[in-house]
Amino acid sequence: MLQAEQSRTIPFVPSYYDDLDGSFDHAWIMLGRGVRDRRSPFHTPTLATIDADGAPEARTIVLRGAMRETATLRFHTDRRSHKPFQLERDPRCSVHVYDHAAKIQLRLRGAARLHGEGDVADTAWTGSRARSRECYAQIAAPGTALRVLEDLTAGAPSIPTRRATTSP
Ligand SMILES: Cc1cc2nc3c(=O)[nH]c(=O)nc-3n(C[C@H](O)[C@H](O)[C@H](O)COP(=O)(O)O)c2cc1C
């Protein structure tokens, strides 16, 4: 009996679990990691905005920056997509992430500021990888309803849709 009790695994409880300041610190650490680590769930949070009818709209985005000093997150988007228009009308938005492995849910609320031109946009563009920039070269605007696949690829730069295969 004693042996069985001793061998029972004690679940690991992180120090911030019962510490509000520690939880807040940890949230920013996770957000910072999300910017750098593509495998982190914090790399691809959900951004929710409000459409012209007042209905919520949510989508996945890539977290590009997390600045604790200013309590600011940075995302990149195509100006033709819905979200910039929605955020211009109503800057209120929320961001949600769930990290299954860490059992952590983060819910953030804020007001968006758009940087279509200027230093912030220029720095973001020059700091982006060529592969990321290709996303913005698509003819069809993000969120466009496609009737046929050609609607997406017509006039777009040639990006292979399949991996090249080699014979053994
Ligand atoms: C893994 C993943 C990452 C994405 N990252 C972004 C992103 O960083 N910025 C963006 O505007 N859209 C991103 N998208 C596409 C959006 O989810 C969405 O489909 C698109 O932006 C159109 O949304 P909207 O018309 O509601 O603005 C991503 C989608 C996926 C699946």
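# Exercises on Loops, Core and Ligand Shell

Lys103 is situated in the loop that separates E5 from strand E6 (104–111); strands (E, at least two residues) and helices (H or I, at least four) are DSSP runs numbered from the N terminus. The model is predicted: local features need pLDDT of at least 70, side-chain atom pairs count only at pLDDT 80 or more, and totals for chains, interfaces and linings use all residues. Residues are numbered from 1 along each chain as its sequence is written.

**Exercise 1.** Determine the sign of phi at Lys103, and state whether Lys103 is buried or exposed.

*Solution.* Step one: the phi of Lys103 is positive, about 60 degrees, although Lys103 is not a glycine. Step two: most residues other than glycine have a negative phi. Step three: Lys103 has 9 other C-beta atoms within 10 Å, and it is therefore exposed (buried means 20 or more such atoms, exposed 12 or fewer, partly exposed in between, with C-beta atoms placed from the backbone).

**Exercise 2.** Describe how E3 and E4 are joined, and characterise Ala71 in the turn.

*Solution.* Step one: E3 (63–67) and E4 (72–75) run antiparallel and are joined by 4 bridges (strands pair if DSSP finds at least two bridges between them). Step two: one bridge links Leu63 to Phe75 in E4. Step three: the two strands form a hairpin with 4 residues between them. Step four: Ala71, in the loop between E3 and E4, has a positive phi of about 50 degrees without being a glycine. Step five: Ala71 counts as exposed because 10 other C-beta atoms lie within 10 Å.

**Exercise 3.** Identify the residues of the largest nonpolar core and the contacts of Leu73.

*Solution.* Step one: the core has 9 residues, namely Leu31, Phe42, Leu47, Leu63, Ala66, Leu73, Cys93, Val95 and Val97 (a nonpolar core is a set of buried Ala, Val, Leu, Ile, Met, Phe, Trp, Tyr and Cys residues joined through C-beta atoms within 7 Å). Step two: E3 and E5 (92–99) each supply at least two of these residues, and E5 gives the largest share, 3 residues. Step three: beyond its neighbours within four places in sequence, Leu73 is in contact (C-beta atoms, placed from the backbone, within 7 Å) with Leu31, Leu63, Gly65, Ala66 and Val95.

**Exercise 4.** Which residues come nearest to the ligand, and which element supplies the largest share of the shell?

*Solution.* Step one: 15 residues surround the ligand (C-beta atom, placed from the backbone, within 6 Å), and Thr77, Ser81, His82, Lys83 and Gly143 come nearest. Step two: strand E2 (56–60) and helix H3 (82–89) each provide at least two shell residues, with the largest share, 3 residues, coming from E2.

Terms used: Two residues are in contact if their C-beta atoms, placed from the backbone, lie within 7 Å.
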